[in-house]
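These are my notes from going through the structure. I looked up one chain, its cavities, a pocket and a single serine.

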Amino acid sequence: MSAETVATATTGHPEHAGHGGAVHESHDRTYVKIACILAVLTFMEMLTYFESIFPDGVERYFAVVLLVLMGTKFYLISAYFMHLRWDKPVLKRVFMTGIVIAVGVYLIMLTAFNFWNGPGVMPH
Amino acid sequence: MAETLTASAEGGHAAHDDHGHETNTGITNEKLGMWLFLGSECLLFGGLISTFLLYKKKLDTFPGFENTTIVRLGRNVYDIPFTSVSSFVLLMSSLTMVLAVSALTRDDQRRMRTWLLATVFLGATFLAGQVYEFTAFVKEGLGFTTNIFSSAFYTLTGFHGAHVLIGIIILMTMFARSLQGKLRARNAETLEIAGLYWHFVDVVWVVIFVVVYLIK
């Protein structure tokens, strides 16, 4: 079995066929680039802690900015490191189903406990 | 060989030596099972995070924090720069994990073991940071049963820490299998599946770091 066949058989990504080690080398570079982006995004998240370095009034937008940064990091890890970008679409659907059900159920739960408007009916 | 090439052209893992028979999805049962498990884990951590969010408002029952609003929580309880470094360490462990899988698909055993050990080391560093953080909180008087906020906090971050520990054990097992010559390029999917679990633990921390530590 050639190295190309091994690479294709073990990853299962169609675009790997016929490229072998070269594709993996290029993917390794992609992984390093993604890690660098993730590190920068984490640094940006940490900066929001030091409110004094920002002009007055900006901190009210921090929650939105942090959620956008979080979503971007989530996407980058699941798409590239977890290979959802290259894998079969059914795996993406399986994972997204779990996320959508979890977000939906717990948004309803938080709403039921009046989370968005003060203390509400929080259990003691 | 013919079966292997056919499965490869279809983008599947059906003909792996260690993963048995073909499936009509072109995905091995092991891999599909792991993704289904990760989907269900979203519900577990979703429940823990939303419970924490509800009880976070009970911070003022913590002795010494009676007049503390949630806006000041970050400065009073958490050490954000320290936790940011921990987050960075866990993110980098995802990089070393994916590089280990990549090295194994090339059957580069030496690099695969190096990246695998680096992942274990980074994961253990993250865990050590969490133990240090918990110890610092307890010394300040914030124990598991101090108030409902602390119970929710320790349960959420403790569950995540337990997942990291399980991940480390799985990776150590993979390392031992590679030393025995049982982890080769032909069954690289075994390591890829272990990697999926590890990346998921990382993804969960991405959410926890923002929702629990940073958003005030």
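Helices here are DSSP runs of H or I with at least four residues, numbered from the N terminus. I kept in mind that the model is predicted.

**Entry: second largest cavity.** I searched the whole structure and got 6 cavities of 30 Å³ or more. The second largest cavity has a volume of about 50 Å³. Which elements each supply at least two residues of its lining? I found helix H4 (80-105), helix H5 (109-139) and H7, all of chain B. H5(B) gives the largest share, 4 residues. I listed the lining as B:Phe82, B:Thr83, B:Ser86, B:Phe126, B:Gly129, B:Gln130, B:Glu133, B:Trp205 and B:Tyr213. By class, I noted 4 nonpolar, 4 polar and 1 charged.

**Entry: largest pocket.** I then turned to the largest pocket, with a volume of about 1100 Å³. Its lining takes in 36 residues, and those nearest the centre are A:Leu67, A:Met70, A:Val103, B:Val207 and B:Val211. The elements that contribute two or more residues to this lining come from both chains: helix H3 (62-81) and helix H4 (89-112) of chain A, and helix H2 (29-56) and helix H7 (188-214) of chain B. I recorded H4(A) as the source of the largest share, 9 residues. The lining splits into 27 nonpolar, 4 polar and 5 charged residues.

**Entry: chain B as a whole.** I counted 7 helices and 0 strands in chain B. Read from the N terminus, the order is α-α-α-α-α-α-α. Of its 216 residues, 58% count as buried. For contacts in chain B with a separation of 6 or more, I got 74% from residues 24 or more positions apart. The chain exposes about 8600 Å², and carbon and sulfur atoms supply 64% of that.

**Entry: B:Ser150.** I placed B:Ser150 in helix H6 (residues 148-179) of chain B. Is B:Ser150 buried or exposed? The relative accessibility of B:Ser150 is 0%, so I entered B:Ser150 as buried; the cut-off for buried is under 20%. Next I checked what the side chain of B:Ser150 reaches, and found the backbone oxygen of B:Gly143 at 2.8 Å. That pair lies within the 3.5 Å limit for a polar contact. Setting aside neighbours within four places in sequence, I have B:Ser150 in contact with B:Leu142, B:Gly143, B:Phe144 and B:Thr145. B:Gly143 thus appears in both of my checks on B:Ser150.

How values were computed: Residues are numbered from 1 along each chain as its sequence is written. Chains are lettered from A and ligands numbered from 1 in the order in which they are written. This is a predicted model: local features need pLDDT of at least 70, side-chain atom pairs count only at pLDDT 80 or more; totals for chains, interfaces and linings use all residues. Side-chain values use heavy atoms; hydrogens and water are left out. On a 1 Å grid over the protein atoms alone, a cavity is a set of points where a 1.4 Å probe fits but cannot get out, and a pocket is an open set with protein on both sides within 12 Å along at least five of seven lines; lining residues have an atom within 4 Å of a point. Grid points are joined across faces, edges and corners, and a volume is the space filled by probe spheres set on the points. Ala, Val, Leu, Ile, Met, Phe, Trp, Tyr, Cys and Pro count as nonpolar, Asp, Glu, Lys and Arg as charged, and the others, Gly among them, as polar. Buried means under 20% relative accessible area, exposed over 50%, partly exposed in between (1.4 Å probe, protein chains only). A polar contact is a pair of N or O atoms within 3.5 Å; within protein, one must be able to donate a hydrogen and the other to accept it, and residues adjacent in sequence count only if both atoms are side-chain atoms. Contact means heavy atoms within 4.5 Å. Accessible areas come from the Shrake-Rupley method with a 1.4 Å probe; for residues, only the protein chains shown count as cover.
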